[in-house]
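These are my comments on the model, set out as numbered points for a colleague who will want to check each one against the coordinates.

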Amino acid sequence: MIKGIAVKVVFSVLLVSGLSACGNIEPWVKPYERQQLADPIMSANPHPISASYMDHVWEAREGARGALGGGGGGCGCN
Amino acid sequence: MSLALNKARILRSMVAGAAMALPLVSSAGVLPDDRADALYHRYEGGGVTIQGPSVLVRKKMAEKYAVSANYYQDMITSASIDVEVSGASEYKEERDQYQLGFEYLRGKTTYNLSFTNSEENDYEAQTVGFGLSQDLFGDLTTISMGFSRGSDTVRNSTDPSFEQDIDRWSYRVGVSQILTKSIIATMNLEVITDEGFLNNPYRSYRYIDPNDTRRFTLAQEIYPRTRTSNAVAVNGRYFLPYRAAVYGGYRFFTDTWQIRADTFELGYVHPIKQQWTLEARVRYYQQDNAEFYQDLFGRVDQQNFMARDKELSTFNSTAFRIGASYEFAQTGWRFVKKGSVSLFYDRIEFKYDDFRDARVSQLIPTDPNYRPAGSEPLYEFGANVVQAFVSVWF
């Protein structure tokens with residue numbers, strides 16, 4: 001099982017490395033077109049202290065767990 | 001006597017908590033703004049009240065480094081249905097959690113490291129997390145990955161000689177993608193593996209009393225010693241033309257205990273002028289039971305693993321949220337750049353499909369509410385969750 005997980009992680013790293021090599025793709029939404037995405041109401045996690053509390057509420061009372069979106073969330077607006 | 005019937009569940013979220021570690025909320029190419037938050041939280045439902053403070057401070061240095069610290073406390077008063085069925089009386093206890101996070105930004109890559117410690121009188125948990133995120137494709141895409149390692153010690157307040165361990169591993173990958181000028185989407189995957197003493201030392205399953213089939217008898221639960229879960233979530237957020245946002249998400253979950261769950265979420269954010277932001281949200285969750293879960297077993301030691309934890313049963317929950325934030329000092333005041341106060345209220349309805357209200361079969365048979373074991377009404381309850389917090393950017 002651990003081996004299977006390790007394979008997934010290695011695969012992910014290779015995938016990310018591969019994507020990095022494609023860093024010259026022309027962005028179809030230009031930096032100056034991102035003012036809507038930069039608006040605070042578009043923030044995926046405007047209040048981290050509140051979001052982590054609610055995640056804890058759900059984790060404590062439901063069988064499911066994980067993939068709650070701690071990663072990423074950036075819009076490259078800055 | 002402290003009977004922490006919900007302990008294993010409350011604490012098992014530690015690794016996932018580290019997944020939500022403070023540094024990971026930033027995008028790859030820029031560190032989060034300096035900010036301090038102080039929150040009061042209160043959960044009340046099903047005979048349980050949990051309340052306490054949470055304080056989070058984060059500060060960056062030279063635009064390259066950032067440090068964050070969080071203190072979180074749960075003060076628990078519980079007379080839940082499990083406590084009542086076990087014949088115990090209401091108990092009180094406290095949990096304190098400390099978390100430290102570090103971030104380092106280099107080019108378009110952010111590296112982060114976090115440490116979490118949680119302590120109760122009969123449970124300790126330590127988690128270390130590492131992650132990185134990177135902007136790609138003209139910053140249209142942010143990818144992230146992370147790993148956490150947790151180590152718990154489980155004790156039993158009624159048995160000083162009892163001490164067991166749990167090891168936890170969490171692996172995460174995520175991608176955040178700008179799709180159009182007004183839509184951003186994210187996808188996250190997480191695999192979590194636990195190994196060790198995974199059941200709650202205080203919780204019991206119930207089986208039909210061989211001397212009186214209308215009654216039941218309790219015995220200590222037995223869980224497998226390993227659990228691996230997979231979760232994948234997709235989320236999207238859309239900027240509406242009149243400056244408001246709508247967001248939605250779906251998460252699919254499976255694990256080696258045969259639990260399968262779906263979570264749906266839909267929300268709306270509506271700013272009013274420059275100072276107010278209103279929010280409404282609905283969330284629906286549904287799961288199927290673990291393969292070794294039964295509300296009422298036919299006999300003692302019926303199978304290798306036996307659980308009657310309602311969080312492993314088949315059930316659904318529906319939650320409605322309303323919230324408001326008000327910004328103050330928007331033009332700055334002394335060292336403060338701006339501040340906000342927020343109030344969120346969530347109402348959650350839990351409805352169980354195979355967890356019955358066992359208190360009913362503990363009544364005397366002449367009581368009009370009495371029902372024999374196995375034919376009690378299905379359990380359900382509602383909970384109120386309130387969060388009030390102040391945020392200051394500096």
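1. A word on terms comes first, since loops are placed here by the elements on either side: helices and strands are DSSP runs, with at least four residues of H or I for a helix and at least two of E for a strand, numbered from the N terminus. On that basis B:Asp301 falls in the loop between β15 and β16 of chain B. The model is a predicted one, and the points below should be read in that light.

2. Chain A contains three helices and zero strands, so that, by the DSSP runs, its elements read α-α-α from the N terminus on. Of its 78 residues, 41% count as buried.

3. Confidence in chain A deserves some care, as the mean pLDDT of the chain is 73 and 55% of its residues reach 70 or more. Helix α1 (residues 2-20) of chain A has the lowest confidence, with a mean of 59, whereas helix α3 (residues 48-61) of chain A has the highest, at 94. Over residues 71-78 of chain A the pLDDT stays under 50, although the model has 45 contacts beyond four places in sequence for that stretch.

4. In chain B, strand β14 (residues 260-272) and strand β15 (residues 276-287) run antiparallel and are joined by twelve bridges, with B:Leu266 standing opposite B:Val282 in β15(B). The hairpin that these strands form has three residues between them, and B:Lys273 takes a positive phi near 50° there. On β15(B), twelve bridges also lead to strand β16 (residues 315-328) of chain B, again in an antiparallel arrangement, and B:Gln287 stands opposite B:Phe315 in β16(B).

5. Two further backbone angles are worth checking. B:Asp301, a residue other than glycine, has a positive phi near 50°, and B:Asp301 is exposed because 10 other C-beta atoms lie within 10 Å, where 12 or fewer is the cut-off. B:Glu63, in the loop between β2 (48-61) and β3 (65-78) of chain B, is not a glycine either, yet has a positive phi of about 60°. B:Glu63 is likewise exposed, because its count of other C-beta atoms within 10 Å is 9.

6. The largest nonpolar core has 29 residues, of which B:Ala290 and B:Ala307 touch the most other members. At least two residues of this core come from each of β6 (123-136), β10 (204-208) and β12 of chain B, and β10(B) gives the most, with three residues. Beyond its neighbours within four places in sequence, B:Ala290 is in contact with B:Trp257, B:Gln258, B:Ile259, B:Ala307 and B:Leu312. Another core, of 18 residues, lies apart from it and includes B:Leu39, B:Val48, B:Phe315 and B:Phe350.

7. Is B:Val234 buried, partly exposed or exposed? B:Val234 is partly exposed, because 15 other C-beta atoms lie within 10 Å, whereas 20 or more would be needed for a residue to count as buried. B:Val234 belongs to strand β12 (residues 226-240) of chain B and, leaving out residues up to four places away in sequence, touches B:Ala185, B:Met187, B:Gly249 and B:Tyr250. Its C-alpha atom is separated by 9.7 Å from that of B:Ser176, the two residues being 58 residues apart along the chain.

How values were computed
Residues numbered from 1 in each chain as written. Chains lettered and ligands numbered in written order. Predicted model: local features only at pLDDT ≥ 70, side-chain atom pairs only at ≥ 80, totals over all residues. Contact = placed C-beta atoms within 7 Å. Core = buried A, V, L, I, M, F, W, Y, C linked by C-beta atoms within 7 Å. pLDDT = per-residue confidence, 0-100. Pairing = 2+ DSSP bridges.
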